[in-house]
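These questions ask what backs each label given to the ligand site and to the enclosed spaces of a predicted model.

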Amino acid sequence: MGLLAGKRALITGIANERSIAYGIAQAFRREGAELAITYANERLRKRVQEIAQELGSELLFECDLSRDDHVRALREWLSEVWGSVDVLVHSVAFAPKEEFRGGVIDTSREGFKVAMDVSVYSLIVLTRELLPLMEGREGSVITLSYYGAEKVVPHYNVMGIAKAALECTVRYLAYDIAKHGHRINAISAGPVKTLAAYSITGFHLLMEHTTKVNPFGRAITIEEVGDVAVFLCSHWARAITGEVVHVDNGYHIMGVFGREEEIKKEVFGD
Ligand code: NAD
């Protein structure tokens, strides 16, 4: 029996088969969860519908998480089709492309508001609106963060600020929903080549660097994120909440970067 057998999971944030949410959905499906899938707008419908079919789900709903009416409609729809939900996957973030060009110092007021609204407030409203559907279940919420929340990653800019707020929001929400018996955690994933990532100026250099200097010397995969999400949403993680779990091949533990080959040669002589 799969680790998520009998659980109903709502997946947000699939844009295509490169999306981190797709890796999570695949892993959930493998572990026996039933899936309902949202897409952000009409433009994405056809692609996400094909993905939903491939994942064995006919439950597809348009939901722009920056719109309260959409989130309310999502709750009503889920309440009709399922009546309850066990797992919420929030894999959504957005900031206008211009915000990734200069530095944080260049952030526009509008860009700041949009980034915080779509990438952070959306988690609050999604969790609050769907909370009644988790009643009596061992509910679990997952969101996606990145190392730019903790340290300066050039050009990540306002999204780093948003991710720091997101991680803090996870802790506060963990406290709030614990009284209902539910949990919430973030996965801080290493860089992955997705649509969202390509908005970040110089993403390919960031990816190259991160891959080279992490202890395993390789990039992470969306399947690896999916496997950790399975654990976090399973009964086995029942005492873990408010946590930020790094799935980054250990990149965040490093203190000194660069000249890896020279250092190895001098220390180990190979
Ligand atoms: P992606 O582009 O595949 O997914 C981002 C999703 O956000 C898309 O499906 C998009 O439709 C959705 N979205 C944007 N605005 C929305 C709105 N208003 N309402 C509903 N949905 C909306 O990229 P991804 O990399 O899979 O991103 C998923 C999450 O993972 C994001 O939170 C991102 O910040 C985070 N993350 C990504 C990386 C990376 O390197 N790709 C690393 C760490 C964390």
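Q: What makes the pair formed by K163 and the ligand a polar contact?
A: A polar side-chain atom of K163 lies 2.9 Å from an oxygen atom of the ligand. A polar contact needs N or O atoms within 3.5 Å, so this pair qualifies. The ligand has 820 Å² of accessible area on its own, and the protein covers 90% of that.

Q: Why does the pair formed by D64 and the ligand count as a polar contact?
A: A nitrogen atom of the ligand is 2.8 Å from a polar side-chain atom of D64. The limit is 3.5 Å, so the pair counts.

Q: What makes the pair of A15 and the ligand a polar contact?
A: Here a backbone N or O atom of A15 lies 3.4 Å from a ligand oxygen atom. That value is within 3.5 Å, so the pair is a polar contact.

Q: Which residues come nearest to the ligand?
A: They are S19, D64, L65, V192 and T194, out of 29 residues around the ligand. By class, this shell has 20 nonpolar, 7 polar and 2 charged residues.

Q: Why is the ligand said to sit in a pocket?
A: The label requires more than half of the molecule's atoms to lie within 2 Å of the grid points. The space taken by the ligand is the largest pocket, so that condition is met there.

Q: How many cavities of 30 Å³ or more are there?
A: The count is 2. The largest has a volume of about 60 Å³, and the second largest holds about 40 Å³.

How values were computed
Residues numbered from 1 in each chain as written. Predicted model: local features only at pLDDT ≥ 70, side-chain atom pairs only at ≥ 80, totals over all residues. Heavy atoms only, no water. 1 Å grid on protein atoms, 1.4 Å probe; cavity = no way out; pocket = protein on both sides within 12 Å on 5 of 7 lines; lining within 4 Å. Points joined across faces, edges and corners; volume = space filled by probe spheres on them. Near = heavy atom within 4 Å. Polar contact = N/O pair within 3.5 Å; in protein donor to acceptor, adjacent residues only side chain to side chain. Areas by Shrake-Rupley, 256 points an atom, 1.4 Å probe, with all protein chains shown as cover. Nonpolar A, V, L, I, M, F, W, Y, C, P; charged D, E, K, R; others polar.
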